[in-house]
Each structure stands twice: as structure tokens, then as C-alpha cells.
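Trainee: I would like to go through this structure term by term. Please set each value against its definition.
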Amino acid sequence: MLFRKDDVFYIDLPKKIQKEEKQIKEKKEENFQEMEKLKEQVISQAKEEAKRIIEEAKKKADSILRSASNEAARMRNEAEKLLQKVKEQKQEFQNYILTLKKRIEDQLSQEIEKAFPEILGVLRILFRKILEKEMDEDTVKRKLKSVLSRVAGIEDVKIRLNPEDVKRLDSEELKSAKLIPDPNVEKGGVVVETEFGILDKTFSYQWKLVEDIFEEVVGFEERIERVEKKTK
């Protein structure tokens, strides 16, 4: 070993330098390997964390989808139940309307049936009053004028009148016909006999025609009503 005053020199300095360089290199290598391990560890942890996050997200997504699907199914079931309920209520309302209509028609028919005889009686009285009102002192003259116009040109015409009506007539007006006072003929009435038949212009006969019309109309309505009931 050599010594100087200010510096110390070692004979094995190159070996020492090589050794230090080797140690430094080995240290760097160790640091590099540790860094690689740390990097791999960080990457591995990051992958694991990412995998865990993805799995949790997938689980949450599946849970949300299941919940949404269940909620959609529940809402669909509720909608179907509501629709069915609305249909049932609609059918019930239609049945109620039909029942109410039938009830009203039956009640109306019953009321009309009850009131019909009274209405018919009032109409009969009304028509009778109208016919009676037309009967005055000139009734016989008007009827005779109408009758004579119909039997003009016919021979052997006999006219029967109530005796009181005969007194008020001018016999000159009946030259073409034979006038016969007949107490069986009501006042205001005229009965004409010809070879072709009898023409009755009495109030009783006219009223009988009105009664026949009433009976025909009422009977026709009753037949129509029976037919309608059978077809329902």
C-alpha cells in the first residue's frame, strides 16, 4: 500500500470500483425487479378491482332488469285486471240499461193499457158530441139534399123520416120521391129505400159506423201488440 501526504492510494482500487459498480448494477437490477413486481401487483390489483366492479355492476344491472321486468309484469297484470273490470262494468251497465228499458216499456205499456179504456171512452164521447152538434133544424134538409143527389134518376125511391121532421119540410122538394113519416126513424135521421138497397143516414147508424171503426182500430192494435210480444 502506498501513501502520500494528502491522499491515500489503494493498490486494489480498480477491483473495489468494479465491485461497487457490480453492486450498483445488482441494486438497480433488484430495484427494477421490485418495480416490475410492484407494477405487476398494481396491475393485478387493478384488474381484480375492475373485475369486482364489473361483476358488481353486472349484478346491479341484472337486479335492476329483474326489478324492471317484475314491475312491468305487475303493471301489465294490473292493467289486464283493470281492463277486465272495465269490461265487466260495461257489461253490467249495458244489462242495467236493457233491464231499465224493459222495465220502463212494461210500465208504460201497463199505464197505456190502464188508461186506454178511459181514453177510448173520451174519444167516443167526443165523436158523439161532434155528431150531435151537427144536428140542428137544417140537418134533415142537408141529408135529403145529399141523398137526392145520389138517387137521382132512380125510380121508386122511398124516404122515411121522423114525423116531426116531415112537418118542417116543403113537400115540393120531394116530388121525385115518396115521403113516408116513420116514428121509428129518430129525429134528424133519413132512411132511403131503393130497388138497389137502403141508405141509412140516421145518427144511430152513423154512430154504429164510428163504433165499428173504433173496434177495428183497437182490435188491429191488439193483434200487432201480440205479434210484437211473440217476436221478442
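Mentor: We take the overall make-up, then the sheet, the core and three loop residues.

Trainee: What kind of model is this, and how are its residues numbered?

Mentor: This is a predicted model, in which local features need pLDDT of at least 70 and side-chain atom pairs count only at pLDDT 80 or more, while totals for chains, interfaces and linings use all residues. Residues are numbered from 1 along each chain as its sequence is written, and side-chain values use heavy atoms, with hydrogens and water left out.

Trainee: How many helices and strands does the protein have, and what makes a stretch count as one?

Mentor: The protein has four helices and four strands. Both are DSSP runs numbered from the N terminus: a helix is H or I over at least four residues, a strand is E over at least two. Along the sequence the pattern reads α-α-β-α-β-β-β-α.

Trainee: How do you know that strands β1 and β3 are paired?

Mentor: Two strands pair if DSSP finds at least two bridges between them. Four bridges join β1 (residues 158–161) to β3 (residues 190–194), and the two run antiparallel. Leu161 stands opposite Val190 in β3.

Trainee: What joins β3 to β4?

Mentor: There are four bridges between β3 and β4, which run antiparallel. Val192 faces Leu199 in β4, and Thr194 has Gly197 as its bridge partner there. The two strands form a hairpin with two residues between them.

Trainee: In which order do the strands lie in the sheet, and why are two of them at the edges?

Mentor: The open sheet has the order β2-β1-β3-β4, with mixed pairing. β2 (178–181) and β4 (197–200) each have a single partner strand, so one side of each is left without a neighbour in the sheet. From one strand to the next, the twist averages 20°.

Trainee: What makes helix α2 a helix that packs on the sheet?

Mentor: Helix α2 (residues 139–150) touches β1, β3 and β4. Contact means heavy atoms within 4.5 Å. The direction of α2 makes about 20° with that of β3; axes are lines fitted to C-alpha atoms, for helices over the stretch in contact, and angles run from 0 to 180 degrees between N-to-C directions.

Trainee: Why is β3 called mostly covered?

Mentor: Four of the five residues of β3 are buried. Buried means under 20% relative accessible area, exposed over 50%, and partly exposed in between, with a 1.4 Å probe and protein chains only. Across the 232 residues of the protein, 15% are buried.

Trainee: What makes a group of residues a nonpolar core, and which residues are in the largest one?

Mentor: A nonpolar core is a set of buried Ala, Val, Leu, Ile, Met, Phe, Trp, Tyr and Cys residues joined through side-chain atoms within 4.5 Å. The largest has eleven residues, among them Val140, Leu144, Ile159, Leu161, Val190 and Val192. α2, β1 and β3 each supply at least two residues of this core, and α2 gives the most, with three.

Trainee: Why is Asn162 called buried?

Mentor: Asn162 has 9% relative accessibility, so this residue counts as buried. Asn162 is in the loop between β1 and α3 (163–167).

Trainee: What are the polar contacts of the Asn162 side chain, and how do you know that they qualify?

Mentor: A polar contact is a pair of N or O atoms within 3.5 Å; within protein, one must be able to donate a hydrogen and the other to accept it, and residues adjacent in sequence count only if both atoms are side-chain atoms. A polar atom of the Asn162 side chain lies 3.0 Å from the backbone nitrogen of Glu164. The backbone oxygen of Val185 lies 2.8 Å from a polar atom of that side chain.

Trainee: Is Asp182 buried or exposed?

Mentor: Asp182 has 12% relative accessibility, so this residue counts as buried. Asp182 is in the loop between β2 and β3. Leaving aside neighbours within four places in sequence, Asp182 is in contact with Arg160, Leu161, Asn162 and Pro163.

Trainee: Why is Lys201 called buried?

Mentor: The relative accessible area of Lys201 is 16%, so Lys201 is buried. Lys201 is in the loop between β4 and α4 (203–231). Leaving aside neighbours within four places in sequence, the contacts of Lys201 include Lys143, Val147, Arg150 and Gly188.
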